[in-house]
Amino acid sequence: MLNKATQRYFTEKDDRPPPGVKKMTVRRTETRRFGPYTILMETSCGASKPRIAGSVRIKLFDMRADEPDEPVGVKRFQVDNWREAQDEVRRLEHTLRAS
């Protein structure tokens, strides 16, 4: 079960693409373990120069859940570069730490 701060994090902003939009081209994936949670970040941003803006999808998995392969939270948004995407993952980690 997610704490209230984490639930708020995932409801703040979820820019789900409208139906019919082409799927995001994942250029970079990063996985982090944080206690019983696994954070999966996928982005279409370029990590090398030229740094290009793109979409980010962050999924949170809880290994204690009945179905640990199903995300307990998903957040999508636009960023200007890879660093902004990493900052959001660190922000999620700080939110999880509050529990």
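**Fold, strand pairing and the setting of strand S2**

Two helices and four strands make up the secondary structure of the protein. Read from the N terminus, the elements follow the order α-β-β-β-β-α. The model is predicted, with a mean pLDDT of 84 for the protein and 86% of the residues at 70 or more. Confidence varies between the elements: helix H1 (residues 4–12) has the lowest mean, 82, and strand S2 (residues 37–43) the highest, 93. Where pLDDT is low, the predicted coordinates should not be read in detail.

The protein has 99 residues, of which 38% count as buried. Its accessible surface comes to about 6400 Å², and carbon and sulfur atoms contribute 48% of this area. Among contacts in the protein with a separation of 6 or more, 51% are between residues 24 or more positions apart.

Strand S2 is paired with two strands. With strand S1 (residues 28–34), S2 forms an antiparallel pairing over seven bridges. In this pairing, threonine 31 lies opposite leucine 40 of S2. S1 and S2 form a hairpin with two residues between the strands, and in this hairpin glycine 35 adopts a positive phi near 60°. S2 is also paired with strand S3 (residues 54–62), again in the antiparallel sense and over seven bridges. Here the bridge partner of isoleucine 39 is leucine 60 in S3.

The burial of S2 was examined next. Seven of the seven residues of S2 are buried, so that the strand is mostly covered. Tyr37, Ile39, Met41 and Thr43 point one way from the strand, whereas Thr38, Leu40 and Glu42 point the other way. Residues on both sides of S2 are buried. The two residues of S2 named in the bridge pairs thus fall in opposite groups: leucine 40, which stands opposite threonine 31, points one way and isoleucine 39 the other.

Threonine 38 is one of the residues of S2. Its relative accessible area is 10%; because this is under the 20% limit, threonine 38 counts as buried. Beyond its neighbours within four places in sequence, threonine 38 is in contact with Thr31, Arg32, Arg33, Lys59, Leu60, Phe61 and Met63. Among these contacts are Thr31 and Leu60, which also appear in the bridge pairs of S2: threonine 31 stands opposite leucine 40, and leucine 60 is the bridge partner of isoleucine 39.

Terms used. Residues numbered from 1 in each chain as written. Predicted model: local features only at pLDDT ≥ 70, side-chain atom pairs only at ≥ 80, totals over all residues. Heavy atoms only, no water. Buried < 20%, exposed > 50% of the residue type's maximum accessible area, 1.4 Å probe, protein only. Contact = heavy atoms within 4.5 Å. Areas by Shrake-Rupley, 256 points an atom, 1.4 Å probe, with all protein chains shown as cover. pLDDT = per-residue confidence, 0-100. Pairing = 2+ DSSP bridges.
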